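Me: I'm new to this structure and would like a close look at just one part of it. Please pick an enclosed space and tell me what surrounds it.

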Amino acid sequence: PRSRHGHRAVAIRELVIIFGGGNEGIADELHVYNTATNQWFLPAVRGDIPPGCAAHGFVCDGTRILVFGGMVEYGRYSNDLYELQASRWLWKKVKPQAPSTGSPPCPRLGHSFSLYGNKCYLFGGLANESEDSNNNVPRYLNDFYELELQHASGVVGWSIPVTKGILPSPRESHTAIVYCRKDLGNPKMYIFGGMCGCRLNDLWELDIETMTWSRPETKGTVPLPRSLHTANVIGNKMYVFGGWVPQSAGGEISAHDGEWKCTGSFSYLNLDTTEWIGLISDCQEDKSNLLPGPRAGHCAVAVGTRLYIWSGRDGYRKAWNNQVCCKDLWYLDTEKPPAPSQVQLIRATTNSFQVKWDEVPTVEGYLLQLHADSPVPSVAGIPGTGVPETSVLSSQGGSSLHQSPQSLPSVPYPEMKVDHPSQTNNVIPNNVQVSLSSNSLLKVEGKEKVAAPENKITQETMKNHADATGFKESNAPSLLPVCTSSPQTSANVGELHDLDKRTVNPDASVSSTVSSTRTMVTQQAVKTESSSTNGAVVKDETSLTTFNSKSEAAETAYITPSTRVNTGQTNDSHSSKTPQRQMAPVKTRDRRWYDVGIFKNNSAVVSQFYLLPEETLSISNKMESADVPDYRLLKKQDLFPGTVYRFRVAAINGCGVGPFSKVSEFKTCIPGFPGAPSTVKITKSVDCIHLSWEPPASPSGNILEYSAYLAIRSTQLQENPSQLVFMRIYCGLKTSCIVTAAQLSNAHVDYTSRPAIVFRISAKNERGYGPATQVRWLQDMKTSSSK
């Protein structure tokens with residue numbers, strides 16, 4: 001979008017949505033910036049599209065956005081209220097009821113509009129006393145309104161709450177935020193600064209429960225008086241950036257009719273202790289493009305723990321008689337990222353794993369680590385490790401990983417389709433070294449507005465995962481075959497509903513929603529998630545098994561109860577090419593974590609890990625206390641067959657490496673057993689479902705039979721929720737079976753992610769049963785509970 005000032009921004013998940021503002025005319029477009037892909041797009045909006053406005057109120061409630069007031073043209077202000085349903089990009093003009101006492105809010109600009117619960121709070125602003133828009137007579141306001149919202153869409157009406165204490169003085173271009181302490185649960189609104197003939201730096205507090213105004217006492221250095229600044233809450237801090245501040249001369253602040261300038265100063269108020277902390281002072285402003293330049297009338301919005309700042313004006317040029325606007329986009333990482341979810345296994349081979357974990361928003365990459373249990377001793381005829389068996393990954397070629405948006409179920413994301421990553425772009429380069437303070441401020445996009453490539457880090461600034469002084473990570477593709485993602489794997493955001501049939505490719509997807517061609521929308525939706533798992537292998541005569549049962553193929557299908565999803569695929573296609581290797585036993589006390597690598601995306605193919613040099617092994621077991629090694633100088637160790645490996649992952653942003661996830665445990669396969677069945681389909685009919693699949697891509701001989709299992713309710717499951725209990729519902733040579741309503745009535749609904757009924761299907765050859773394919777059939781609990 002073109003640069004501007006007076007615009008406003010809100011965030012819905014990873015999307016930053018910007019509306020209004022002006023620079024040589026008032027803008028009426030709605031722009032969206034995707035923080036995950038670093039791309040702007042213009043959604044196709046429809047409905048009662050509002051006129052362009054500036055200095056308006058702009059709040060977000062779930063997936064709807066409310067716009068109130070603002071300047072629609074010079075000297076003419078508005079008091080109209082519009083609602084945008086972002087899930088459909090649909091605008092609607094809404095008409096709230098007038099308050100029972102008093103008049104509705106008059107047209108205004110520069111007011112604050114804050115949301116808490118189902119109510120918006122309107123304070124102050126600037127009105128035009130004159131009915132003639134060309135004759136602007138400013139009137140500063142300090143009136144206070146409450147707007148009650150209806151659920152999901154629409155509003156009830158305005159009211160004028162009765163407040164205690166002294167109202168803040170009239171002002172415009174101030175900021176207002178709402179903060180609720182988790183331990184006290186007492187929501188407060190804070191108003192800071194603004195303009196009323198002169199700039200202000202007073203802080204006001206409103207207790208929303210008692211409707212009492214007060215002036216809290218603060219510690220630390222209060223920021224200079226300012227207007228047209230921004231204030232955003234992240235955690236327990238209110239971050240204040242930019243605005244117009246007095247031009248001081250010799251330490252003296254000028255009078256209200258003196259000189260004023262834009263500032264790039266940056267502070268935060270700890271809302272629990274009411275202490276001001278300065279981050280960037282006016283004297284620290286530099287011209288080196290390492291910090292955001294001075295500006296006012298910009299927008300700032302929080303996405304997770306990251307604060308984004310875009311555009312705004314940096315001054316006024318009398319010679320040009322216009323504003324000078326910035327074109328740059330910046331973000332500030334305010335703290336280390338939270339721990340990712342546990343590592344999940346998509347599939348395993350004899351010497352590699354394909355793993356994934358849930359994405360953490362606004363991070364630069366992920367550090368993946370492992371350590372190994374004592375490996376299974378080498379057996380004659382069983383090959384050691386060799387080249388990564390990437391050829392067996394996603395062998396069906398048709399399925400994609402899908403991450404369904406939770407809060408935006410039907411927002412079109414034209415920019416979110418991620419192309420297949422190359423073999424090397426998933427790895428963060430190893431030639432980056434930087435030292436950052438506890439708050440890391442990064443510039444995303446400069447005046448040229450060149451978007452960073454999707455699979456590369458957008459800024460060469462990341463702390464290492466040891467002592468936060470800098471790190472190096474190799475950028476040589478030939479040195480890092482382990483840090484690559486399968487070229488067959490892609491991420492496609494979206495979720496389809498009302499499908500009669502869904503096709504699942506277990507070899508390429510885990511915990512995924514898989515879609516197929518839309519059929520009659522009147523049919524009930526069949527939703528599935530799939531993975532391959534080692535856990536559903538049982539002896540022929542057994543009809544019930546728990547999550548970690550063993551069988552005649554127990555050594556290939558071992559799984560621990562702590563692992564939520566485990567997958568395995570045996571493939572001996574490389575057995576003639578790989579040399580036999582005698583594996584040395586590992587001491588049980590050897591619990592060191594080794595780096596697999598640092599990854600840009602939330603998936604990895606793991607066939608090797610890095611060995612630390614001998615002199616660092618005596619250092620503490622915790623990687624966080626050691627310097628980050630230069631991966632180019634380290635030796636790599638291949639994974640061994642039949643070995644249990646534990647994994648953990650941590651997210652990285654500009655502040656450093658966050659905490660590690662919970663530990664997951666997986667075991668590599670032993671050659672000779674059949675692979676997992678593939679391309680599972682579930683078709684729902686009136687009184688049963690039809691389950692079908694295709695033979696394994698690597699049968700390793702003749703398939704003698706298949707077994708299908710259903711996770712069922714059990715007292716055993718109540719005692720240990722991590723151990724699913726399965727009942728065999730089919731055994732035979734056919735690649736399909738019927739699951740009756742009676743069998744389904746006994747099914748266990750798994751809530752580890754989304755509610756689902758779990759099936760497992762495995763194949764048997766001369767050597768025994770191989771790993772199973774797990775399918776999670778997603779359940780709509782609202783509709784199923786009424787059946």
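Reply: Let's start with the residue classes: Ala, Val, Leu, Ile, Met, Phe, Trp, Tyr, Cys and Pro count as nonpolar, Asp, Glu, Lys and Arg as charged, and the others, including Gly, as polar. This is a predicted model, where local features need pLDDT of at least 70 and side-chain atom pairs pLDDT 80 or more, while totals for chains, interfaces and linings use all residues. Residues are numbered from 1 along each chain as its sequence is written, and side-chain values use heavy atoms, without hydrogens or water.

The model has 2 cavities of 30 Å³ or more (a cavity is a set of points on a 1 Å grid over the protein atoms alone where a 1.4 Å probe fits but cannot get out). Let's look at the second largest, which holds about 40 Å³ of space (the volume filled by probe spheres set on the points, joined across faces, edges and corners).

Its lining, meaning residues with an atom within 4 Å of a point, consists of Val16, Ile18, Tyr33, Cys299, Val301, Tyr308, Ile309, Trp310 and Leu329. The elements giving two or more residues to it are β2 (15–19), β24 (299–303) and β25 (306–310); strands here are DSSP runs of E with at least two residues, numbered from the N terminus. So where does the largest share of the lining come from? That's β25, with 3 residues: Tyr308, Ile309 and Trp310 sit in its range. Val16 and Ile18 fall within β2, and Cys299 and Val301 within β24.

As for class, this lining has 9 nonpolar residues, with no polar and no charged ones.

Notes:
1 Å grid on protein atoms, 1.4 Å probe; cavity = no way out; pocket = protein on both sides within 12 Å on 5 of 7 lines; lining within 4 Å. Helix = DSSP H or I, 4+ residues; strand = E, 2+ residues; numbered from the N terminus.
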